[in-house]
Amino acid sequence: MGRVEDRLGELGLELPAVFAAPPGVEFKFDLVRVVDGAAFVSGHGPLDGSRVLMRGKVGADVTTEQGYEAARMTALSVLASLRQELGDLDRVTSWVKLLGLVNCAPGFNAMPAVVNGFSDLVLDLWGDAGRHARSAIGAAELPFDIPVEVEAIVEVTEG
């Protein structure tokens, strides 16, 4: 295991199974696409394979704190896909950009506090190389009723 996976272990965290389509759904996209030293990661949610780990709208069914945890689970799902594509998470040299979508109840506007769950884990694992640009946007609905979806762009070394 590399440095990043060692750090995950120190935090008591394990990567879930790689995001997979639920029965009856076919993905017509790559989970991770590497082009010219950058990995573009498709939107992920709090999933373990095809199993949804948390559902609902933040501000109604899900508290802000639970949304933060859902974003943290989403980060683990993204890391599982990156490891599958790259072979080693240490190939990620920096985090460039995150786009976080939050499944919001009407009137909920603390999207940044929710997406911090993803950002905080990345910073815990990569330190300064985890600093990134980010947007956190509220959405009326997200796939599979997940509370958070995040896509990312990371810089990677050659494998």
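**Exercises on a predicted model**

Pro143 lies in the loop that links strand 6 (133-139) with strand 7 (148-156). The exercises below concern a predicted model.

**Exercise 1.** Determine whether Pro143 is buried, partly exposed or exposed, and state how far Pro143 is from Asp6 in sequence and in space.

*Solution.* The relative accessible area of Pro143 is 39%. Buried requires under 20% and exposed requires over 50%; Pro143 is therefore partly exposed. Along the sequence, Pro143 and Asp6 are 137 residues apart. In space, their C-alpha atoms are 32 Å apart.

**Exercise 2.** Compare the expected span of helix 2 (residues 64-86) with the distance between its end C-alpha atoms, and describe the residue that follows helix 2.

*Solution.* Helix 2 has 23 residues. The expected span is 1.5 Å times one less than the number of residues, so helix 2 should span 33 Å. The end C-alpha atoms of helix 2 are 32 Å apart, in agreement with the expected value. After helix 2 comes Gly87, with a positive phi near 85 degrees.

**Exercise 3.** Establish how strand 5 (residues 92-103) pairs with strand 7 and with strand 6, and identify the unit that strand 5 forms with helix 3 and strand 6.

*Solution.* Strand 5 and strand 7 run antiparallel and are joined by nine bridges. Within this pairing, Ser94 is opposite Glu155 of strand 7. Strand 5 and strand 6 run parallel, with seven bridges between them; Leu99 has Ser135 in strand 6 as its bridge partner. Finally, strand 5, helix 3 (residues 111-126) and strand 6 form a right-handed β-α-β unit.

Terms used: Residues numbered from 1 in each chain as written. Predicted model: local features only at pLDDT ≥ 70, side-chain atom pairs only at ≥ 80, totals over all residues. Heavy atoms only, no water. Helix = DSSP H or I, 4+ residues; strand = E, 2+ residues; numbered from the N terminus. Buried < 20%, exposed > 50% of the residue type's maximum accessible area, 1.4 Å probe, protein only. Pairing = 2+ DSSP bridges. Right-handed = clockwise from strand over helix to strand, strands pointing away.
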